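Take a look at the protein shown here. The report below goes from the whole chain down to single residues.

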Amino acid sequence: MLDEKRIREIAQEVATANLTSANVTSVSSSPTIDLDGHDALRITIVIKPGSESKIKGDAALDTLVGIQKRLRRGGEERLAIVEYATEEELNASGDS
């Protein structure tokens with residue numbers, strides 16, 4: 001498994017490359033469990049307010065697939081569950 005710092009670096013690189021119009025501000029990751037009870041990664045891509053509509057289907061899919069491929073190449077076997085949020089949404093939900 002990759003360490004949390006490397007996971008965030010990979011996710012940030014892929015997100016920034018694919019979502020340039022969405023203004024990615026940061027990326028966070030944490031361990032979680034998928035629907036089948038397997039270990040997984042929760043990756044949150046934080047975007048600037050108002051840029052939600054700029055994330056189109058192809059860019060979102062390319063980001064998800066790109067993150068998963070790069071993590072697997074690095075030796076990470078956990079599934080990446082990718083979500084998007086603004087700082088305001090994270091603050092409202094109590095996440096950091």
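## Surface and charge

The accessible surface of this predicted model comes to about 5600 Å². Carbon and sulfur atoms account for 52% of that surface.

The protein carries 12 positive and 17 negative charges. Take the mean position of each set, and the two points lie 6 Å apart.

## Overall build

Three kinds of count describe the fold. The protein has 3 helices and 3 strands. Read from the N terminus, their order is α-β-β-α-β-α. The radius of gyration is 13 Å, close to the 12 Å that the globule rule gives for 96 residues, so the protein is as compact as a globular protein of that length.

Along the principal axes, the C-alpha atoms fill a box of roughly 35 × 30 × 25 Å. Of the 96 residues, 35% count as buried. Now take the contacts with a separation of 6 or more. Residues 24 or more positions apart make up 64% of them.

## Helix α2

Helix α2 covers residues 57–73, which is 17 residues. From its first C-alpha to its last, α2 reaches 24 Å. That is close to the 24 Å expected at 1.5 Å a residue. After α2 comes G75, and its phi is positive, near 100°.

Which residues of α2 are buried? They are A59, T63, G66, I67, Q68 and L71. Their cover includes helix α1 (4–18) and the strands β2 (39–47) and β3 (79–86).

## T63, a buried residue

T63 sits in helix α2. Is T63 buried or exposed? T63 has a relative accessible area of 0%, so it is buried; the cut-off for buried is under 20%.

Which residues does T63 touch, not counting those up to four places away in sequence? The list is V14, A15, N18, L19, I45 and Y84. Another pair to find in the model is T63 and Q12. They are 51 residues apart in sequence, and their C-alpha atoms are 9.9 Å apart in space.

## E9 and E89, two partly exposed residues

E9 belongs to helix α1. Its relative accessibility is 33%. Partly exposed means between 20% and 50%, so E9 counts as partly exposed. E9 and V27 are 18 residues apart along the chain. Their C-alpha atoms are separated by 8.2 Å.

E89 is part of helix α3, which spans residues 87–93. E89 has a relative accessibility of 41%, so E89 also counts as partly exposed. In sequence, E89 and V46 are 43 residues apart. In space, they are 9.4 Å apart, C-alpha to C-alpha.

## S21, a loop residue

Where is S21 placed? S21 lies in the loop between α1 and β1 (24–33). At 40% relative accessibility, S21 is partly exposed.

Leave aside the neighbours of S21 within four places in sequence. S21 is then in contact with S51 and K54. Compare that with R78, which is 57 residues away from S21 along the chain. The C-alpha atoms of S21 and R78 are separated by 28 Å.

How values were computed. Residues are numbered from 1 along each chain as its sequence is written. This is a predicted model: local features need pLDDT of at least 70, side-chain atom pairs count only at pLDDT 80 or more; totals for chains, interfaces and linings use all residues. Side-chain values use heavy atoms; hydrogens and water are left out. Helices (H or I, at least four residues) and strands (E, at least two) are DSSP runs, numbered from the N terminus. The radius of gyration is taken over C-alpha atoms; the globule rule is 2.2 Å times the number of residues to the power 0.38. Buried means under 20% relative accessible area, exposed over 50%, partly exposed in between (1.4 Å probe, protein chains only). Contact means heavy atoms within 4.5 Å. Accessible areas come from the Shrake-Rupley method with a 1.4 Å probe; for residues, only the protein chains shown count as cover. Lys and Arg count as positive and Asp and Glu as negative; His and the chain ends are not counted. The place of a charge is taken as NZ of Lys, CZ of Arg, CG of Asp or CD of Glu. The expected span of a helix is 1.5 Å times one less than its number of residues.
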